[in-house]
Number of protein chains: 2
Amino acid sequence: MSALSFREATADDLEAIIRLHEEDELGSHGDAWTPENRPAYEAAFKAIAASAENKLFVALQDGEIVGTFQLTFIPNLTSRGALRVKVESVKVKAAKRSLGIGAQMIAFAEEEARKGGAAMLELTSNKTRKEAHRFYERIGFSRSHEGFKKKF
Amino acid sequence: MSALSFREATADDLEAIIRLHEEDELGSHGDAWTPENRPAYEAAFKAIAASAENKLFVALQDGEIVGTFQLTFIPNLTSRGALRVKVESVKVKAAKRSLGIGAQMIAFAEEEARKGGAAMLELTSNKTRKEAHRFYERIGFSRSHEGFKKKF
């Protein structure tokens with residue numbers, strides 16, 4: 001596999017990132033790069049870019065965006081005030097899965113979290129994503145929590 | 001039960017908040033208001049207070065702090081850029097549990113989230129907290145995700 005590189009996403013990457021969301025096999029979020037959705041994605045991208053605590057990354061291979069993920073640095077009191085980092089919206093291009101890109105992305109995320117002074121990475125994954133769960137356990141995550149959501 | 005009121009925490013509330021953490025039956029985070037820990041809590045409180053996306057609340061009853069929780073507003077691309085709110089560090093004073101304080105805290109959290117333009121509340125809860133899981137399902141949360149953590 002050609003080497004991956006990582007950088008923070010720019011507004012010009014937005015379509016490529018949403019195309020990765022489109023390929024999500026669950027599809028439950030209904031994400032698609034359409035003229036109707038575009039303003040909402042652009043507004044959300046601006047909010048992420050303006051946030052001191054959020055970083056949206058892309059993974060590149062041979063100049064192509066093959067993965068994306070977002071980090072949220074969360075200051076909190078628990079564990080004697082240990083900063084934690086939430087990993088969200090982890091997507092790998094469908095044609096490039098099972099080649100180690102996800103593992104490199106999470107390793108990079110961990111490096112970023114450590115550099116930022118965090119003591120922990122955390123993430124949630126839909127209960128139907130059995131393969132993803134095995135992956136996260138393989139790379140050192142503990143499946144210690146139940147994840148609850150309430151949509152309005 | 002006397003009525004509850006809610007407000008954002010101030011630095012003066014920090015000891016009372018950490019005392020609620022101390023009462024946590026899991027105790028796995030080792031939180032305690034000791035001279036050794038105090039600077040770490042004060043630094044974490046400052047980081048929360050300085051953050052545009054984090055709000056730490058206390059619930060008061062008859063002038064006493066009986067509960068606490070933290071909200072993190074997370075801009076993200078998923079679901080056409082729907083803003084989400086993570087609820088974290090939900091604690092109710094041990095002597096005041098099972099009286100409806102938790103439900104009022106989460107209802108207040110939902111109101112704050114809606115006012116802030118969010119479309120969803122999310123939280124994780126340690127797999128051993130069976131009673132908490134029943135509580136969250138009863139008040140409308142769906143236990144849809146697995147929660148993973150990796151400590152460094």
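A polar contact is a pair of N or O atoms within 3.5 Å, where one must be able to donate a hydrogen and the other to accept it. Keep that in mind, as it comes back later in this tour of a predicted model.

**Stop 1: the sheet.** Switch to cartoon view and show both chains. You'll find 12 strands forming an open sheet. Start at β1(A) and step through β2(A), β3(A), β4(A) and β5(A); then comes β6(B), followed by β6(A), and from there β5(B), β4(B), β3(B), β2(B) and β1(B). The pairing is mixed. In general, strands of a sheet pair through backbone hydrogen bonds, either parallel or antiparallel.

Now select residues 4-8 in chain A and in chain B. These are the two β1 strands, and they stand at the edges; each has a single partner strand, so one side of each is left without a neighbour in the sheet. Going from one strand to the next, the twist averages 30°.

**Stop 2: where the chains pair up.** Select residues 142-151 of chain A, which is strand β6, and residues 120-126 of chain B, which is strand β5. The two run antiparallel and pair over 7 bridges. Zoom in on A:Lys150: it stands opposite B:Leu121 in β5(B).

Next, pick residues 130-138 of chain B. That's helix α5, which packs on the sheet. The helix touches β6 of chain A as well as β4, β5 and β6 of chain B, and its direction makes about 165° with that of β5(B).

**Stop 3: the whole contact.** Colour by chain. How many residues does the contact take from each chain? It takes 62 from chain B and 62 from chain A. About 5,900 Å² is buried between the chains, and carbon and sulfur atoms give 58% of that area. Select B:Leu77, B:Phe148 and B:Phe152: in chain B, these lose the most area to chain A, together 17% of what that side buries.

**Stop 4: charges and polar pairs.** Show side chains for B:Lys127 and A:Glu146. They meet in a salt bridge, at 3.1 Å from N to O. The count between the two chains is 12 salt bridges. Here's where that opening definition comes in: 39 residue pairs are in polar contact between chain B and chain A, both residues at pLDDT 80 or more. On the chain B side, β6(B) gives the most to the surface touching chain A, with 10 residues.

**Stop 5: the symmetry.** Zoom out again. A turn of 180° with a shift of 0.0 Å along the axis lays chain B on chain A, with an RMSD of 0.0 Å. That is the relation of a two-fold axis. Also, 100% of the interface residues of chain B are interface residues in chain A too, so the copies meet through the same surface.

Notes:
Residues numbered from 1 in each chain as written. Chains lettered and ligands numbered in written order. Predicted model: local features only at pLDDT ≥ 70, side-chain atom pairs only at ≥ 80, totals over all residues. Heavy atoms only, no water. Pairing = 2+ DSSP bridges. Helix = DSSP H or I, 4+ residues; strand = E, 2+ residues; numbered from the N terminus. Axes fitted to C-alpha atoms, helices over the stretch in contact; angles between N-to-C directions. Contact = heavy atoms within 4.5 Å. Least-squares fit on C-alpha atoms with pLDDT ≥ 70 in both. Buried area = accessible area lost by both parts, 1.4 Å probe. Salt bridge = Lys/Arg side-chain N within 4 Å of Asp/Glu carboxyl O. Polar contact = N/O pair within 3.5 Å; in protein donor to acceptor, adjacent residues only side chain to side chain.
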